[in-house]
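Visitor: I'd like a close look at a single part of this model, and then a walk outwards from there. Could you take me through it in one go?

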Amino acid sequence: MPETIEIQLKKGVLGLCVLALLKRGDSYAYEIASRLSDAIDMGEGTIYPLMRRMQSDGLVETYLVESSAGPSRKYYRLSEAGREALAVQTADWKTFTDAVDAVLNEAPLTPVPENTTGDVQ
Amino acid sequence: MTRADFLARLKRGLVGLPTSTAADILNDYEAHFDDGKAAGRSEAEVADALGDPDRLARELKAEAGVKRWTQEQTPSAAAGAVFAVLGLGAIDIIILLPILMGVIGTLFGCFVAVIALFGSGLGVMVAGPFAGFPGGGLAAFFIGLGLMACAVTVGALLSIATILLVNGLIWFARLHYRLLKPALEPHAVNSTSGDPA
């Protein structure tokens, strides 16, 4: 099944978006999933394998917060490695999008220079 | 799909994981349903937005397998990681499997040879001095010791090669899984025809 470029793009930036969300403040999976599924249309279940991967890669840490009603809730926060990964990936993303924007917005190509050797048919 | 259906299918898909890991994962999804309910969504809506539980289970299993492999580099962890990653369907089984089987077979053969070498070294070292080994008892002792040292060296190199091989396979699979298999799917796909992959 061929993928649209849109899905490819979303997939590539999902991890970056999670890191950026967590930089603004610690959060729990439902909140992350619902915010990202609104922003970039994604299956909410995807967040759980991703969070586990990011946890085992040491980018995020979890802690439990007691709740007055119901069971305690698992929160995620950025680790030091997560902050570094966010900085690197953000820089990569900017470089990439700037390059794409430059190509997309470029003025029409300058006309091909006249062929000076006179070798025209 | 109801909450109970979703969790049951997920749980079935997670068979083979340590029970504590599986329970942890199921807790995550139960909390998700609770939060969804608190936000005023129906069970069916939440289940639909979550996606295909079988597929999520395969992904979660692969993550858990890889994590265990990074923590303990044992043969069983290696086998677990390799099979979980293969289960993703990220690797073209038809093309890769024969190659993989060949490589694994060769490695296994080398390991057996190393063990045999070690055993014969031990035999020469222990039995040689008493069995009239040509060159005398001391020579037999040192030849046996040398053979065992060779076996240990080759065995260590083989272990390193195996670890690199498994890591390479995981890297390859993760790369291709991210690229080829949509981790994100439009919601419509889930509600219409099921898993398109």
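What is the helix and strand content of residues 139-172 of chain B, and how far apart do the end C-alpha atoms of that span lie?

Guide: Sure. Keep in mind that this is a predicted model. Residues 139-172 of chain B are 100% helix and 0% strand, and the C-alpha atoms at the two ends lie 49 Å apart. The span carries a label, too: an unreviewed UniProt entry annotates residues 77-100, 107-127 and 139-172 of chain B as "transmembrane region". Take residues 107-127 of chain B from that list: again we get 100% helix and 0% strand, here with 30 Å between the end C-alpha atoms.

Now for the packing. B:L169, which falls within residues 139-172, belongs to a nonpolar core of 13 residues that also includes B:A81, B:V85 and B:L86. That core sits apart from the largest one, which has 40 residues. In the largest core, the residues touching the most other members are A:V18, A:I32, A:I47, B:F6, B:L10, B:L14 and B:Y29. Its top contributor is helix α1 (residues 5-24) of chain A, which gives six residues.

Let's zoom in on B:L14. Beyond four places in sequence, B:L14 is in contact with B:A22, B:I25, B:L26, B:A57, B:L60 and B:K61. Follow one of those partners, B:L26, and you land in helix α2 (residues 19-38) of chain B. B:L26 counts as buried because its relative accessibility is 11%, under the 20% cut-off. With neighbours within four places set aside, B:L26 is in contact with B:L7, B:L10, B:K11 and B:L14. B:K11 is 15 residues away in sequence, yet the C-alpha to C-alpha distance is 7.2 Å.

Chain A, for its part, has four helices and three strands, running α-β-α-α-β-β-α along the sequence. Of its 121 residues, 37% count as buried. Among contacts in chain A between residues at least 6 apart in sequence, 47% join residues at least 24 apart.

How far to trust all this? The model scores ipTM 0.74 and pTM 0.66. Chain B has a mean pLDDT of 80, with 83% of its residues at 70 or more. Among the elements of chain B, helix α1 (residues 3-13) has the highest mean pLDDT, 92, and helix α8 (residues 187-192) the lowest, 39. Over residues 179-197 of chain B, pLDDT stays under 50, though the model has 48 contacts for that stretch beyond four places in sequence.

Conventions: Residues are numbered from 1 along each chain as its sequence is written. Chains are lettered from A and ligands numbered from 1 in the order in which they are written. This is a predicted model: local features need pLDDT of at least 70, side-chain atom pairs count only at pLDDT 80 or more; totals for chains, interfaces and linings use all residues. Side-chain values use heavy atoms; hydrogens and water are left out. Buried means under 20% relative accessible area, exposed over 50%, partly exposed in between (1.4 Å probe, protein chains only). Contact means heavy atoms within 4.5 Å. UniProt positions are given in the numbering used here, feature names are shortened, and annotations may be inferred rather than shown by experiment. pLDDT is the predictor's confidence in each residue, from 0 to 100. A nonpolar core is a set of buried Ala, Val, Leu, Ile, Met, Phe, Trp, Tyr and Cys residues joined through side-chain atoms within 4.5 Å.
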